[in-house]
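Work through the two exercises below with the structure in view. Each task is followed by its solution in steps.

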Amino acid sequence: MNILMRAVGAFVFIFTLSALSQEAPKYTPKEGDYLAHDFKFRSGEQMAELRLHYRTLGNPARDASGHVTNAVLLLHGTGGSGQQFLAPQFADVLYGSGQPLDLSRYFIIAVDGIGHGHSSKPSDGMHAHFPQYDYDDMVFAQHLLLTEGLGVQHLRLIFGTSMGCMHAFVWGEAYPSFMDALMPMACLPVQIAGRNRLWRKLLMDAIRSDPDWKEGEYREEPKRALRTAQDLLAIAGSAPLLMQKNLPTREAADKYVADSVESRIASLDANDLLYQVNASRNYDPSPRLEEITVPVMWINSADDFINPPELGIAEKESKRLKNGTFVLLPISEKTHGHGTHTWAAAWQEYLRRMLDQSPR
C-alpha cells in the first residue's frame with residue numbers, strides 16, 4: 001500500500017478502522033466476548049443475549065482492596081472496531097517501553113461497540129429487525145462489559161476516536177466519576193447537524209431508496225447504494241494536503257478511485273452501515289457539558305472534513321468544561337484529515353501530558 005492508501009484507507013467504513021498497513025500487528029491482544037442477558041435498549045426493544053467483543057493488552061494492576069487501578073478504555077469510530085488500535089501508527093508509538101501507554105504500566109481494553117466488529121450486529125441474522133441502538137445504548141453496554149464482565153470499576157483514562165470521541169463525552173456525563181480523565185479525539189460535543197448531518201442523511205437515504213435493499217431483507221448487497229455510500233465515505237475521510245501531494249494529477253486520482261474506493265464496497269454490509277450511521281441520530285451532550293468534572297484533553301485537527309475548525313464550535317463549547325483543554329492541530333505532514341486521531345505521532349505528547357497531570 002502506498003502512503004495515500006494507508007492514510008485515506010483509515011476509513012474502511014467511515015472514520016476509523018485503521019487497517020492502514022499490511023504489516024502484521026506487533027502486539028497480540030487477548031480476545032473475549034461478554035454476553036449481556038436481557039439487554040434493554042432505550043427504544044424499548046430488548047435482546048435476550050447481546051454480545052460485546054473485546055481485546056485486552058497488558059495486565060491489570062490492583063490495589064490492596066483488589067480494585068483495578070490501571071485500566072484504559074479505547075473506543076473506536078463508526079464502522080470500525082477495537083482492531084484499529086493495533087495498527088502500527090497507533091500501537092508502535094504508544095505501547096512500547098517508556099511510551100505513553102506502556103503496556104508494562106497500563107491495562108488496555110478495546111471494545112467493539114454494538115453493531116460493529118465481532119459484537120452483535122444486524123448482519124448476524126436479524127437484519128433490519130435488529131434493535132435501533134444509539135450512542136447511549138453503546139456506552140451503557142460498555143459500562144456493563146467493564147463492571148460485570150471484566151470486574152473493572154474505575155478507569156485511568158477513556159480515549160475515544162470519532163464516534164468513540166462522542167462516546168467519551170457521553171461517558172463523562174453518564175458516569176462522571178468512573179474515570180480519572182477523558183481524551184476525546186476528532187468530534188464535537190453538540191448534536192450532529194449542518195454538513196455533518198447532511199452527508200450522513202444522504203448515505204442513509206441511498207441505502208433505503210435502493211430497490212435492492214428490500215427493506216433490509218436482501219440476499220445480495222445493494223451495490224448501487226453501497227457505491228454511493230463509499231463515495232461519501234471517501235470524501236468524509238479525506239486528507240486534503242496528503243491527497244494533493246500523493247494524487248497530483250487527475251490520472252492518479254482516478255486510479256485511486258478505481259483501485260481503492262471501488263474495492264472497499266465488497267467489505268460493506270448495507271444494514272450494518274445504515275445502523276452504524278443512524279446511531280448518531282440523537283447524540284447531543286451539549287446541555288450537560290458542565291457536569292463533566294474530570295480533566296479533558298480534547299483534540300481535533302484542522303484538516304478534518306467532519307469537524308471543520310471554521311465552525312468555531314469547539315472553542316465555544318470547550319469553555320464550558322470545568323477542567324478541559326482543547327487543542328486544534330494545524331494541518332501538516334503529520335495530519336491525516338479526520339483520521340489523524342489514529343496517527344499517534346501527531347498528538348502523543350498531549351496524551352503523555354494528560355496522564356502525567358491528571359489525578360489518579
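Strands, as used here, are DSSP runs of E with at least two residues, numbered from the N terminus. The model is predicted.

**Exercise 1.** Find which strand gives the largest share of the lining of the second largest cavity, and sort that lining by class.

Solution.
1. A search of the whole structure finds 5 cavities of 30 Å³ or more. The second largest has a volume of about 60 Å³.
2. Its lining consists of Pro29, Arg55, Thr56, Leu57, Leu74, Gly82, Phe85, Leu86, Tyr95, Ile108 and Ala110.
3. At least two of these residues come from strand S2 (46-57), and at least two from strand S4 (107-111).
4. S2 provides the largest share, 3 residues.
5. By class, the lining has 8 nonpolar, 2 polar and 1 charged residues.

**Exercise 2.** Identify the element that gives the most to the lining of the largest cavity, and sort that lining by class.

Solution.
1. The volume of the largest cavity is about 70 Å³.
2. Around this cavity lie Leu188, Asn300, Asn307, Pro308, Pro309, Leu311, Gly312, Ile313, Ala314, Glu315, Phe326 and Leu328 as lining residues.
3. Two elements, helix H10 (313-318) and strand S8 (324-329), each supply at least two of the lining residues.
4. H10 gives the most, with 3 residues.
5. The lining divides into 8 nonpolar, 3 polar and 1 charged residues. Glu counts as charged and Gly as polar, so Glu315 belongs to the charged class and Gly312 to the polar class.

Conventions: Residues are numbered from 1 along each chain as its sequence is written. This is a predicted model: local features need pLDDT of at least 70, side-chain atom pairs count only at pLDDT 80 or more; totals for chains, interfaces and linings use all residues. Side-chain values use heavy atoms; hydrogens and water are left out. On a 1 Å grid over the protein atoms alone, a cavity is a set of points where a 1.4 Å probe fits but cannot get out, and a pocket is an open set with protein on both sides within 12 Å along at least five of seven lines; lining residues have an atom within 4 Å of a point. Grid points are joined across faces, edges and corners, and a volume is the space filled by probe spheres set on the points. Helices (H or I, at least four residues) and strands (E, at least two) are DSSP runs, numbered from the N terminus.
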